Amino acid sequence: MRGYLFQKIMQAGLTILIVVALNFFLFRIMPGDPIRVLIRNPKISADALERVREQFGLNEGRLVQFWIYLRDLFSGELGSSFNYRQPVIDVIMERVPATIMLVGTATVLSIIFGVLLGVILAWKRGTRLDIVGLSISLILYSMPTFWVAIIMVMIFAVYWQIFPLGGMGMPGVFYTSLWAELASKVGYLFLPTVTFALILVGEYVLIMRSSLLEVMREDYMLTARAKGVSNRDLLRKHALPNAMLPVVTLIAINLGFIVGGAIQIETVFSWPGLGRLMYTALTNRDYPVLQGLFLFVTIAVIVANFCADILYRYLDPRVKS
Amino acid sequence: MKRLKWLPLLLVVLMFCSIALTGCGGGTQESQYVFRSGYMREIESLNPMVIWSVQAYEVMYLTYNFLISWDEDLNVIPELAREWEVDESGKLWTFYLQEGVTWHDGEPFTAEDVKFTFEYIRDNELGYFYDYVAAMEEIEVIDEYTLTVKTDEPIAWMPQILVPILPAHIWSEIDPEDAEGEFANDNPIGTGPFKVVDHRKGEYTRLVVNEDYYKGRPGLDEVIFMIYANTDLMVEALKQGELDIISDVPGAQFKALQDVADPNILTLEADSPSFTELAFNVWDDPVSLGNPHLLDKNVRMAIEYAIDRQELIDVALMGYGEVASTLVPKLFEYWHLDPGPGFRSFDPVQAEVILEEAGYQRDDQGLRVGPDGEPMSYMLLIRSESPDNQKMASMIKDMLASVGIGIEISVIDEGTLTDRIFEGDFDLFIWGWYVDIDPTSILKVATTDEILSWSDCFYSNPEYDVLHQLQQRTMDREERRELIYEMQRIFYNDAAYIMLSYDPELQAYRTDRYTGWVRNPRTGPVMYTNVIDSYEQLRPIE
Amino acid sequence: MQIDALKNERLALWKKNLSSFWSIYSQNTMGLIGLVILIFFTLMAIFGPLLVSITTMSVDGVTQVMHPPTSGFWLGTDDLGKDILAGVIIGSRVSLLVGVAATAISMIIGTVIGIVSGFYGRAVDALLMRITDVFLVIPWLPLMLVMAALLGPSLGNIIFVIGITSWAGTARIIRSQTLSIKERPYVERARAIGSEDSHIMFYHILPNVFPLIFANTVLVAAIAILSETTLSFLGMGDPTRVTWGVMLHFAFSMGAVSHVAWWWLLPPGICVVLVVLSFTFIGYALDEVLNPKLRRRDQ
């Protein structure tokens with residue numbers, strides 16, 4: 001196990017390094033002088049231009065810039081946003097809670113329902129319920145995230161005005177009680193979260209179902225049954241925990257997909273999170289923010305994958321024995 | 001298994017409870033008069049030195065005051081400067097400032113603040129404001145409320161110094177490098193009618209009223225700018241009463257709002273000093289990467305004759321706009337030059353005549369070939385940010401094809417377009433300008449000095465340049481106008497731009513909550529204009 | 001002579017495999033449904049645009065904008081009064097084309113890297129796998145968005161971007177399969193004879209990973225179609241071409257939601273869902289068919 005851990009750490013570390021380098025060069029080979037974007041005021045004296053160049057370190061050669069970039073990175077500095085003129089770290093950190101709220105709630109919801117439905121479908125394998133359930137899951141899995149979001153908004157916020165049109169809340173409103181405030185916040189959270197959960201749940205159902213079916217065929221299940229363990233105990237104590245392992249890894253693997261989904265959902269629902277930030281930074285050509293976000297998200301995914309790998313290895317019954 | 005079953009069910013029930021409560025809306029209450037303005041772009045910063053978006057400027061106008069303002073007829077009226085005069089040389093200005101004005105933090109406003117602001121910006125060449133103070137040689141404080149400014153030359157557009165007056169006691173502590181850099185100015189102190197209290201990037205910016213505003217406390221308690229990620233939902237929010245106003249409504253949604261004719265929503269097609277133009281690369285230099293055909297005035301004029309501008313407006317802009325002619329928009333009646341019978345309106349026959357006579361003959365496929373043997377095939381660059389421009393471009397392509405000119409359209413983003421312009425790597429492009437009240441700012445775009453700076457077509461005409469210098473220093477209004485007329489005439493004759501349309505500002509606002517909307521200029525918009533009268537004068541409908 | 005006989009034998013084997021493959025496949029309902037849907041859309045993409053042209057609906061000379069479905073315009077009109085059904089049909093061509101082209105690029109890259117990496121092992125393998133890991137780990141949409149933004153909105157760029165970013169999964173799968181095939185006797189024999197590496201990779205390994213490639217292609221195609229739709233929706237697509245994604249982009253930005261113009265918002269999306277579903281169904285069916293022969297990779 002220790003050897004495995006070490007190997008995984010090395011792999012993750014190397015991947016991170018490559019990503020860091022790629023991140024840097026990807027944004028430097030872009031067409032267009034970032035200075036022009038930065039300044040936006042074409043009427044600027046050559047001196048002022050030089051000053052800004054220096055300030056953002058765009059004067060040095062590529063390799064020197066890379067070295068400065070690495071050095072800054074290790075001290076936790078991600079540069080300064082072109083658009084906001086604030087440190088990129090601050091800009092990113094401001095948006096993290098919003099995205100975590102959205103993604104976290106959606107993931108929890110989709111896992112709960114995914115596991116539940118997956119178990120039910122596996123239990124009722126081959127019946128009409130199973131086929132219907134499978135079909136719905138597959139259909140949900142095939143839907144573009146933004147499309148589902150638009151339809152939800154159209155139905156629930158425009159046609160039936162049950163939910164707000166977007167955003168995280170309404171500023172300048174006074175609530176008479178804490179409960180009212182909470183209810184309102186949930187109202188804003190509801191539609192984006194449910195939409196996201198719908199997108200994710202399909203895959204969890206499918207994986208849970210097939211994983212459970214596979215597990216039920218395993219030898220140790222037969223052994224347990226032969227020992228006289230009841231059906232319910234069989235399911236709860238033996239099948240489920242093992243069947244859930246792929247789900248665990250799936251969460252980590254899905255992180256990349258979740259980022260993509262977050263961008264779409266936050267754009268449709270005007271949700272002030274990292275996804276929206278990425279899109280805005282893209283259209284504004286705010287390279288430092290883009291770079292920082294990219295790195296942030298990618299490293300998060302790498303770390304998540306790493307944890308999932310370790311967790312999987314630790315929990316896998318085959319390894320245990 | 002059983003235990004698991006209850007959890008999600010409980011969650012679902014909880015969810016529905018919350019929804020029911022939200023749906024009732026019984027728990028929320030607005031105890032103040034809050035005004036909500038919707039917008040699409042983020043307000044990038046509260047620091048005036050680094051902002052560039054229309055919304056950020058609007059927040060700045062609410063936070064800070066200028067020395068002057070304008071009335072509905074675009075006459076200059078007092079603001080922080082209640083009176084001013086200039087001596088015979090035209091170079092020494094004296095400003096008498098308002099008394100009893102206080103900053104948001106309670107400190108008194110004095111002439112020191114004005115002097116500090118001008119010098120701070122001038123000495124550090126800060127932001128967009130530098131142009132207004134560059135010519136100030138010496139600024140002196142005579143007494144607490146009197147200030148003199150000496151310019152190195154007579155300047156016609158003084159005192160329209162569009163510089164926000166900053167508090168010396170705050171900004172003197174700010175290192176000029178930070179002023180243009182990381183200083184966020186999160187707690188802006190100004191003299192304006194509203195003060196920013198909460199700025200959430202990407203979400204909203206909230207301002208509360210300045211109780212001690214020198215013109216009197218406004219009727220609104222709060223102004224909140226709310227960001228939406230897309231226009232459609234923003235319009236819907238207006239319809240549902242979540243917003244009070246949205247500006248820059250896209251043509252399609254504007255039309256839809258007009259058709260719905262909700263009595264509580266007023267759609268305003270306001271005159272605005274912005275226009276859309278088709279620009280040529282007229283850089284007469286071998287370094288230029290533009291097609292040399294375009295250096296021939298005949299080609300440019302022919303293209304102008306071949307374009308049906310009214311059709312462009314009707315289809316691409318849904319009818320919102322006016323056929324444009326000369327450089328200074330029609331909105332500025334005083335300065336705008338009507339080209340009269342010399343106007344090259346839609347006349348494809350004439351276009352063909354000109355081309356034929358200039359030696360551009362059609363080949364077998366119908367495409368014209370120049371006297372140099374090269375086909376008349378040009379690249380038209382279009383901004384990806386503007387679907388309207390894209391629609392226009394495909395229409396222009398068809399129109400020019402019918403007179404034998406081939407156009408290839410390339411859609412790129414603004415940043416790339418700016419780069420290509422500065423490299424001279426283009427034939428034609430479509431873009432637009434938003435013009436200041438004083439015509440100097442738009443006229444200078446065509447001067448030789450501004451090439452690789454504000455100029456974007458490389459136009460260079462020494463006669464024009466001379467006139468530009470002259471008009472800036474001509475203090476007599478009528479004399480100045482003659483010069484500006486002549487400049488417009490020259491520029492129009494040289495046809496470096498084809499002015500396509502004078503674009504209106506499309507706004508929609510609710511009329512059931514507040515009253516007291518002010519349009520400034522008279523036929524202009526109620527907000528996102530050069531003054532903040534509406535914000536100052538709106539009050540709730542009792 | 002002998003070589004000819006060998007080739008003929010191979011061909012006959014191929015044909016037999018194909019027919020036995022079909023007999024198994026046709027028993028799978030999902031696979032059949034998927035195939036039918038795919039054929040339907042392929043026909044639509046090939047012949048549709050020839051039979052249909054985008055007309056504008058006007059009543060009494062007034063262009064009917066955002067009009068619900070009528071007898072003449074089964075799917076109503078968009079913000080310019082244009083026929084949406086025609087748009088959907090014409091859009092199918094480019095949408096599918098982008099999907100196919102991007103998939104082709106992705107598969108070629110993925111297969112080459114997978115085979116080379118698995119075959120050579122050690123240093124080459126380590127290097128290629130690190131690179132593959134990087135592409136696996138970078139979130140797909142941000143990477144695609146950034147590249148599309150850098151390169152500009154054109155069809156070619158979109159195809160390129162999608163192809164370049166989605167090969168990693170394929171490479172992994174092909175590589176592991178290559179690793180196991182590498183040890184098989186006929187490969188050993190070929191090596192012993194002194195066959196060139198490229199020969200071995202092309203004639204021995206490739207045919208044996210082919211079924212796996214086939215199954216994987218279908219799934220990648222599904223992702224490619226979804227990617228193009230998403231990219232176009234977010235404004236990175238070519239606005240001058242009609243694709244389902246571009247239609248949704250204009251629907252969203254031109255007021256379809258506040259108009260509750262379901263006739264504009266639903267059809268392009270449904271088409272995408274159907275095509276992706278068909279690929280997924282076919283993929284599942286292929287998996288089941290090929291399962292006895294190959295070990296299926298779960299994660």
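These exercises cover confidence, cavities and one buried serine in a predicted model.

The model is predicted: local features need pLDDT of at least 70, side-chain atom pairs count only at pLDDT 80 or more, and totals for chains, interfaces and linings use all residues. Residues are numbered from 1 along each chain as its sequence is written, chains are lettered from A and ligands numbered from 1 in the order in which they are written, and side-chain values use heavy atoms, without hydrogens and water.

**Exercise 1. Assess the confidence of chain C and of the complex.**

Step 1. Take pLDDT, the predictor's confidence in each residue, from 0 to 100. Chain C has a mean of 83, and 95% of its residues reach 70 or more.

Step 2. Find the weak stretch. Residues 293-299 of chain C have pLDDT below 50. Beyond near neighbours in sequence, this stretch has eleven contacts in the model (heavy atoms within 4.5 Å).

Step 3. Turn to the complex. The predictor gives an ipTM of 0.85 and a pTM of 0.83.

**Exercise 2. Describe the largest cavity and its lining.**

Step 1. Count. There are eight cavities of 30 Å³ or more. A cavity is a set of points on a 1 Å grid over the protein atoms alone, where a 1.4 Å probe fits but cannot get out; lining residues have an atom within 4 Å of a point.

Step 2. Size the largest. Its volume is about 120 Å³, taken as the space filled by probe spheres set on the points.

Step 3. Locate it. The lining has 14 residues; closest to the centre are Phe66(B), Glu79(B), Asn530(B), Val531(B) and Ile532(B).

Step 4. Assign elements (DSSP runs; helices are H or I of at least four residues, strands E of at least two). In chain B, β3 (68-70) and α17 (533-537) each supply at least two lining residues. β3(B) gives the most, with three.

Step 5. Sort by class. Seven are nonpolar, three polar and four charged.

**Exercise 3. Describe the second largest cavity.**

Step 1. Its volume is about 90 Å³.

Step 2. Of its 13 lining residues, the closest to the centre are Gly167(A), Met168(A), Gly169(A), Met226(B) and Ile227(B).

Step 3. The lining has seven nonpolar, five polar and one charged residues.

**Exercise 4. Place Ser501(B) in its surroundings.**

Step 1. Ser501(B) lies in strand β20 (residues 497-510) of chain B.

Step 2. Ser501(B) is buried because its relative accessibility is 0% (the cut-off is under 20%, with a 1.4 Å probe and protein chains only).

Step 3. Its side chain makes a polar contact of 2.7 Å with that of Asp503(B) (N or O atoms within 3.5 Å, one able to donate a hydrogen and the other to accept it).

Step 4. Leaving out residues up to four places away in sequence, Ser501(B) touches several others, including Phe275(B), Leu317(B), Glu322(B) and Met392(B).

Key. 1 Å grid on protein atoms, 1.4 Å probe; cavity = no way out; pocket = protein on both sides within 12 Å on 5 of 7 lines; lining within 4 Å. Nonpolar A, V, L, I, M, F, W, Y, C, P; charged D, E, K, R; others polar. Buried < 20%, exposed > 50% of the residue type's maximum accessible area, 1.4 Å probe, protein only.
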